[in-house]
There are 2 protein chains.
Amino acid sequence: MAVYTDVSADDLNQLIAGYDIGELRSYKGIAEGVENSNFLVHTSAGNFILTLYEKRVAAGDLPFFLGLMEHLAARGITCPQPVKNKQGGVLGKIAGRPAAIVTFLDGLWIRRPNANHCASVGEALARLHLASADFKMKRPNALSIDSWRPLYEHAGARGDSVRPGLCNEIVKELDALEKTWPRDLPGGVIHADLFPDNVFFLGDNLSGLIDFYFACTDTLAYDVAVCLNAWCFEPDHSYNVTKGRALLKAYAKVRALSAAERAALPVLARGAAMRFLLTRLVDWLAVPDGALVKPKDPLEYFRKLRFHQSVKSVDDYGIN
Amino acid sequence: MAVYTDVSADDLNQLIAGYDIGELRSYKGIAEGVENSNFLVHTSAGNFILTLYEKRVAAGDLPFFLGLMEHLAARGITCPQPVKNKQGGVLGKIAGRPAAIVTFLDGLWIRRPNANHCASVGEALARLHLASADFKMKRPNALSIDSWRPLYEHAGARGDSVRPGLCNEIVKELDALEKTWPRDLPGGVIHADLFPDNVFFLGDNLSGLIDFYFACTDTLAYDVAVCLNAWCFEPDHSYNVTKGRALLKAYAKVRALSAAERAALPVLARGAAMRFLLTRLVDWLAVPDGALVKPKDPLEYFRKLRFHQSVKSVDDYGIN
């Protein structure tokens, strides 16, 4: 939660002069987003979000992210829509950073999702998978299974300082995942990070999806497995089968899961838990002792992984 | 720059139901404010700011701050106006914190003020001093000269780790200030923190003043001295006499400075530099080694103090 780069009014006025979005009235840095700097920009034409892409986002990936948002918005998926500048482009520059202005989406993210929210997100995820089927650009998943062992090796033996024996558990799991990982399931564009803070609701209705900066080309059912991890566990890390059933049934109503996809869900869910365990572990270990800001707890995903390891079949997730 | 306390949509919906400000459409934590948590709240009735008062703000002071904003807004000073709830009160509670909803002010704060901006802030400060003359509540300045020696003692000998010899310089200056501090100049409500990020402009026009959470009852000319420190130095810490003259002349056009006030300006400016030097020093020393966020540099105010110590009379500030 941070603004990494400040923006001056002069620079912002100059940027905005290149768009047909009226005159600048105010802008405020938003305490959201861990990779980029985000500003809520209010102009005489309405509210917009200005995103400055910081170093962790590869500039070469921006056309994929922005193109995907345009593609999805054109197909009725409510997501931030990149605003075209007077030259017809969507990528600008401010304060030495690549930047984009996108439309502002009304909606609230749900801190304590219930089964209805889970159903809504399942349905929206399936719609996203269908709507992006004809999106032409590709972006490999930089956080796919191939990246997990290097991530683990980056953390190294220090993992045991977070929990004794953690390294050994991770290595055993990586061995198992690399042997059993399904490689021939249906693929396409996945959001890859559809956590509750990236899904907006107005009242009981899902009103939009945001933050496409992990989106990539990968196994569609893996995206479902990410959502099971992100939406269907209780604060005590126990799996809520009612929420899982709601999410899976709503997804399958829009895009049927094949028998192979259903059978692979437990291992995909283990993989998704591993991915967040590892990135959180690396972030956790990167923070110096005594720092005021603590990153997210990696062990949350170790506990979720334990659940997935105990699963006998997809039935245990609430669907068969 | 932080949001210290997160707010759930359910809690915010419940709070907003107590006000006549329509239905919640979105809310985002703002990366502004060092003492409180601030959210930009968008409802069907418009934009508002929700502030949660964190521990560093004494709950007993809130009626002063909120009452002052109401008082000033009623007298034509553009500042955030506390929104009354259905019971007529302005103080609510959310996430276990006292909280208030205030109107949203359009405007941008100026990262690189010029002499015209300085004139505008001088005029606005004088108007604020006049408009609050009949405000009945009192609040002692918790960061007045009486607090500076205890602040210094809190930092203690560690001050020398920031700059060798700093402690000795501070003690000598405190001795001098305590002997010469003017105690019988005209008093009233002062903003006490009117830095550029608390003053909004739209185009060339000042559009509002914000952040009244250091406001208190103290010497009016001390508030002018704070502004000289905050607005009239260049990034290299040299004093810009053109900016100082613009600020002082515009102030005096609205509220004349007496001969005694003018004569006291150099010592008041030294005191104001000391106040920010000391609070920044304490904050600086409170941050553990290796922390990612560095607080503001206390030595900026040491350098400004050096300038004020060299001043022969108020003429050196650009006015006589």
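Here is a tutorial chat about strands, helices and domains in a predicted model.

Student: Let's start with chain A. What makes E6, E8 and E9 a sheet, and in which order do the strands come?

Tutor: The order is E6-E8-E9 in chain A, an open sheet of three strands with antiparallel pairing. Two strands count as paired if there are at least two bridges between them. E6(A) and strand E8 (residues 199-202) of chain A are joined by two bridges, in the antiparallel sense, so they pass that cut-off. One bridge partner to look up is Phe201(A) in E8(A), which goes with Leu108(A).

Student: Which strands of chain A are called edge strands, and why?

Tutor: They are strand E6 (108-109) and strand E9 (205-209) of chain A, and each pairs on one side only.

Student: And what lies across E8 and E9 of chain A?

Tutor: Helix H3 (residues 115-131) of chain A does, running at about 45 degrees to E9(A). Angles under 35 degrees count as roughly parallel and 65 to 115 as roughly perpendicular, so about 45 degrees is oblique.

Student: On to helix pairs. Why are H4(A) and H6(A) called roughly antiparallel?

Tutor: Look at the angle: helix H4 (residues 145-155) and helix H6 (residues 166-180) of chain A cross at roughly 160 degrees, and their axes come within 11 Å. Anything over 145 counts as roughly antiparallel, so this pair gets the label. The crossing is left-handed.

Student: Which residues make that contact between H4(A) and H6(A)?

Tutor: From H4(A) you have Ile145(A), Trp148(A), Arg149(A) and Tyr152(A), while H6(A) brings Ile170(A), Leu174(A), Leu177(A) and Glu178(A). By class, the contact of H4(A) with H6(A) has six nonpolar residues, two charged and no polar.

Student: What makes H7(A) and H8(A) roughly antiparallel?

Tutor: Helix H7 (residues 220-231) and helix H8 (residues 241-254) of chain A pack at about 150 degrees, with their axes 10 Å apart. That angle is over 145, so H7(A) is roughly antiparallel to H8(A).

Student: Is the crossing of H7(A) and H8(A) left-handed or right-handed?

Tutor: Right-handed. On the H7(A) side sit Val224(A), Cys227(A), Leu228(A) and Trp231(A), and they meet Lys243(A), Gly244(A), Leu247(A) and Tyr251(A) in H8(A). The contact of H7(A) with H8(A) divides into six nonpolar residues, one polar and one charged.

Student: Why is there one polar residue in that contact of H7(A) with H8(A)?

Tutor: Gly is counted among the polar residues, so Gly244(A) is the polar one here.

Student: How is chain A divided into domains, and how far apart do their C-alpha centres lie?

Tutor: Domain 1 covers 9-103 and domain 2 covers 115-317. The C-alpha centres of domain 1 and domain 2 of chain A lie 27 Å apart. Their contact takes 15 residues from domain 1 and 15 residues from domain 2. The side of domain 1 that touches domain 2 has nine nonpolar, three polar and three charged residues.

Student: Now chain B. Why are H4(B) and H9(B) called roughly parallel?

Tutor: Helix H4 (residues 145-155) and helix H9 (residues 259-286) of chain B cross at roughly 30 degrees, with axes that come within 10 Å. That is under 35 degrees, so H4(B) and H9(B) count as roughly parallel. Their crossing is left-handed. Residues in the contact include Trp148(B), Leu151(B) and Tyr152(B) of H4(B), along with Met274(B), Leu278(B) and Val282(B) of H9(B). Overall, the contact of H4(B) with H9(B) has ten nonpolar residues, three polar and one charged.

Student: What makes E6 and E9 of chain B edge strands?

Tutor: The open sheet in chain B has three strands in the order E6-E8-E9, with antiparallel pairing. Strand E6 (108-109) and strand E9 (205-209) of chain B each have a single partner strand, so one side of each has no neighbour in the sheet.

Student: How do you know that E8 and E9 of chain B pair?

Tutor: Four bridges join strand E8 (residues 199-202) of chain B to E9(B), and the cut-off is at least two, so they pair. Within that pair, Phe201(B) stands opposite Leu206(B) in E9(B).

Methods: Residues are numbered from 1 along each chain as its sequence is written. Chains are lettered from A and ligands numbered from 1 in the order in which they are written. This is a predicted model: local features need pLDDT of at least 70, side-chain atom pairs count only at pLDDT 80 or more; totals for chains, interfaces and linings use all residues. Two residues are in contact if their C-beta atoms, placed from the backbone, lie within 7 Å. Axes are lines fitted to C-alpha atoms, for helices over the stretch in contact, and angles run from 0 to 180 degrees between N-to-C directions. A crossing is left-handed if the near helix is turned anticlockwise from the far one by less than a right angle, and right-handed if clockwise. Domain bounds come from an automatic or database domain assignment.
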